Amino acid sequence: RQMCIRDRYQRRVHGDIKQRQKQNMEVEQLKSFIEVPENSDFTLHNIPFGVYQTNESSNPRCCTALGDYVVDLSVLESHNLFDGPHFQSLKQSAVTVFNKSTLNDFIALEKPFWQEARSTLQKLLRQDSDLRNNKELFDQVFHKIDSVQLLLPVNIRDYTDFYSSRQHAFNVGSIIRGPENAIQPNWMHLPVGYHGRASSIVVSGTDIIRPCGQIKPPNDANPSFSECKRLDFELEMGTFIGGKLNKQGHPIHIKNAENHIFGFVLLNDWSARDIQAWEYVPLGPFNAKNFSSVISPWIVTVDALEPFRVNLPTQDPEPLPYLRDPKLSSFDINLEVLIQPAGSNKAETIVQSNFRHLYWSIAQQLAHHTVTGCNMNPGDLLGTGTISGPEKQSYGSLLELSWGGKESIKLSNGEERTFLKDGDVVIMRGYAEKQGVRIGFGECRSGVKPALPLSEFQ
């Protein structure tokens, strides 16, 4: 019966996806004087934003990526090459935004500034740009990406994690309560979320220490202190919020919400499932989710992804008026998770999902977050929650792939996994592709280190 209900639900969701309106937007072909390798995530169509520092300097600066290079935005800004009217108004006020250790000042500007910066960079980096012939400036601006350190791009003050994929909610509810009671009544009426921990968000390439805490296996009478035995990843997208934001006590209207979406990153929201199972009643996750979340270093803008926008399924029941999104859309971004087992130099794909597998849109998440008058800050991060599709290989966590630890995942080297082992490396990737144009996010990579000895806690 459980499989029948699950299959019936998956067929319905898969049918909704097929019925989405196809996007016919033509994508202009752009070429740069910088050679961009085939299948590079960082084409001239992309222009993501990040922060880097060289090995010779401890001075972080804002940058973009093009092919195998980082492009120093602070140098371009100091040479007055951001010559559009919005940035010229900043210059007249002696305001700079790119010679900074984070993108916060840039994100705090409004959407026309973000758009102008991106279009200016596309102009400066095009095939016919004068920059190609200025060797002195070229050497200051361009650095090989493998010769620099990519840093956490934003000072994240607040982080909220949502639960916006219906398939994921159905899967987890089925594992815990059975398919008949999988979706809680409130889930269909509002984007469920909780406030996470911003201080433990780190950039790709940072390994995490297996957490310890209270667990209570089903057959034990009392809880015990232990290292986490059910360590899991969660495949999510992160949304950075910016612009001139709302004052405390005032909401962000659903029709204006997209003006405050600066861009997106890949997000691995690490989860300690056995700690979570014991602690989550009645207030939800706490220690099971606060030890680390990892994001990719490049923020890809809404404008870059616009050609890949897709409609989301019709919402039934219809949301309350403040949640009625006039666009109700997401983006066709292919997402994958790879595991590189401990001791191996080969990673293999175990998840293939897509950013379109949401029920609640990002605009709805932001509108709901602020409906009580919660004030947002530039650089705040919203997580989508785990993004799972209708087929098993598109499930965005090991909890779902192993169906609560009951079904092992077989790897090509003969090993099996239900949850992660020490030494495993989790790699997330994402890209959109259409009409020969590719826009990607790079990698979100993080490995598992052994737990601290229990003596550390006594």
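Trainee: Which residues of α3 meet residues of α5, and what makes that a contact?

Mentor: In this predicted model, P85, H86, F87, S89 and L90 in α3 meet P112, F113, E116 and A117 in α5. The word contact applies because heavy atoms lie within 4.5 Å.

Trainee: What kinds of residues make up the contact of α3 with α5?

Mentor: Six are nonpolar, two are polar and one is charged. E116 is one of the residues on the α5 side, and Glu counts as charged.

Trainee: Why is α3 called roughly perpendicular to α5?

Mentor: Helix α3 (residues 85-92) and helix α5 (residues 111-124) pack at about 105 degrees, with axes 8 Å apart. Angles of 65 to 115 degrees count as roughly perpendicular, so α3 is roughly perpendicular to α5.

Trainee: Let's turn to the strands. What makes β9 and β21 edge strands?

Mentor: The open sheet of five strands runs in the order β9-β26-β25-β20-β21, with mixed pairing. Both β9 (208-209) and β21 (348-354) pair on one side only, and that makes them the edges.

Trainee: How do you know that β20 and β25 pair?

Mentor: Pairing needs at least two bridges, and β20 (residues 334-340) and β25 (residues 425-434) have seven, in the antiparallel sense. So they count as paired. E336 stands opposite R429 in β25.

Trainee: And which element gives the most to the lining of the largest pocket?

Mentor: That pocket has a volume of about 1300 Å³. Among its 46 lining residues, V172, I176, Q276, Y280 and L399 are the closest to its centre. Helix α7 gives the most to the lining, with eight residues.

Notes. Residues numbered from 1 in each chain as written. Predicted model: local features only at pLDDT ≥ 70, side-chain atom pairs only at ≥ 80, totals over all residues. Heavy atoms only, no water. Axes fitted to C-alpha atoms, helices over the stretch in contact; angles between N-to-C directions. Helix = DSSP H or I, 4+ residues; strand = E, 2+ residues; numbered from the N terminus. Parallel < 35°, antiparallel > 145°, perpendicular 65-115°, else oblique. 1 Å grid on protein atoms, 1.4 Å probe; cavity = no way out; pocket = protein on both sides within 12 Å on 5 of 7 lines; lining within 4 Å. Points joined across faces, edges and corners; volume = space filled by probe spheres on them.
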